[in-house]
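Work through these short exercises with the model open beside you. Try each task before you read its solution.

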Amino acid sequence: MARSKSSGSWLKEHFDDHYVQRAKGEGYRSRASYKLIELDQKDKLLKPGMTVVDLGAAPGGWSQVAAQAVGDSGVVIASDILPMDAMAGVRFVQGDFTEESVYEQILAAIDGRSVDLVISDMAPNMSGMNAIDQPRAIYLVELALDLARQVLKPDGTFLAKVFQGEGFDQLLTDMRGSFAKVQSRKPDSSRARSREIYQLCRGFKG
C-alpha cells in the first residue's frame, strides 16, 4: 500500500531530524535521550548512587542516560508495555503499567529501596482524536504520580511528560499538593509542534 503524503513527510522529518542523527552517531537508543540530558543539565536531576524509576522506558533512551549517571552504585528500575533490550545497571519490567499486576512487579523490583527520582516519558497510543487521547495521557501521568507518592523518599523528585489540555490544571493542583516546587520544562529537543511539556516536581512532602 502506498504511503500517504503526511506519513511520508513525517518519516522524512524523523530521519532528517538533528537529534535522530545525533543519537545514531553518539550511541543513544533514541532521540528522547537528549530531552533527559537537557533537563539534567538545567536542573541537576541525576547523581551517582541514586535509585531511579523510569516509566515508559522503551527503547531505553532515558534509562541509558540515567544508568550512566547513577553509575555502579545506583540502580534504574525501568518499565514499558513494549520489550526493551537488556542494559547494564537497569532492571526491566515489561507489561501494561495500568494493570495492577505490573504495578506490583515494579514495586517488587524496587524492593523497598528509597527512590530518589521517578521519571515518566509515557504516552498513550495516539488515535488523533483529542477527546480520547488527552484523558488517556492525563490518566497515565496520574498513575505515575501515584507510584511516585508511594515510593519516593522525602524531598525526592518526579519528572513526567504531560500534554497540555483538558485535565492539565487539576493535575498541576495534585502535583502541588505533594511537592514543594512544580515547574514546566520544554527541552529544545522536544519537537516544537508537540503539545508535550515536562512537569518537574521537586521536594516530595512524603
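The exercises below go from the whole chain to one sheet and then to one helix.

This is a predicted model, in which local features need pLDDT of at least 70, side-chain atom pairs count only at pLDDT 80 or more, and totals for chains, interfaces and linings use all residues. Residues are numbered from 1 along each chain as its sequence is written, and side-chain values use heavy atoms, leaving out hydrogens and water.

**Exercise 1. Take stock of the chain.**
Task: Find how many helices and strands the chain has, and what share of its residues is buried.

Solution.
- Step 1: Count the elements. There are seven helices and seven strands. Helices (H or I, at least four residues) and strands (E, at least two) are DSSP runs, numbered from the N terminus.
- Step 2: Read them along the sequence. The pattern is α-α-α-β-α-β-β-α-β-α-β-α-β-β.
- Step 3: Check burial. Of the 206 residues, 51% are buried, meaning under 20% relative accessible area (1.4 Å probe, protein chains only), with exposed over 50% and partly exposed in between.

**Exercise 2. Map the sheet.**
Task: Give the strand order, then name the edge strands and the helices that pack on the sheet.

Solution.
- Step 1: Write the order. The open sheet runs β3-β2-β1-β4-β5-β7-β6, with mixed pairing. Two strands pair if DSSP finds at least two bridges between them.
- Step 2: Go to the edges. β3 (90-94) and β6 (179-185) each pair on one side only.
- Step 3: Look at one pair. β2 (residues 75-80) joins β3 in the parallel sense over five bridges. Here D80 stands opposite Q94 in β3.
- Step 4: Add the helices. α4 (residues 61-70) packs on the sheet, and its direction makes about 170° with that of β2. α6 (residues 130-151) lies across β1, β4, β5, β6 and β7, at about 170° to β5. Axes are lines fitted to C-alpha atoms, for helices over the stretch in contact (heavy atoms within 4.5 Å). Angles run from 0 to 180 degrees between N-to-C directions.

**Exercise 3. Find the two sides of a helix.**
Task: Which residues of α5 (residues 100-110) are buried, and why do they fall on the same side?

Solution.
- Step 1: List them. The buried residues are V102, Y103, I106, L107, A109 and I110.
- Step 2: Use the arc. They lie on the same side of α5 because they cover an arc of only 160° around the axis. The arc is that of the directions from the helix axis to the C-beta atoms.
- Step 3: Turn to the other side of α5. E100 and A108 are exposed there.
- Step 4: Find the cover. It includes β1, β2, β3, β4 and α6.
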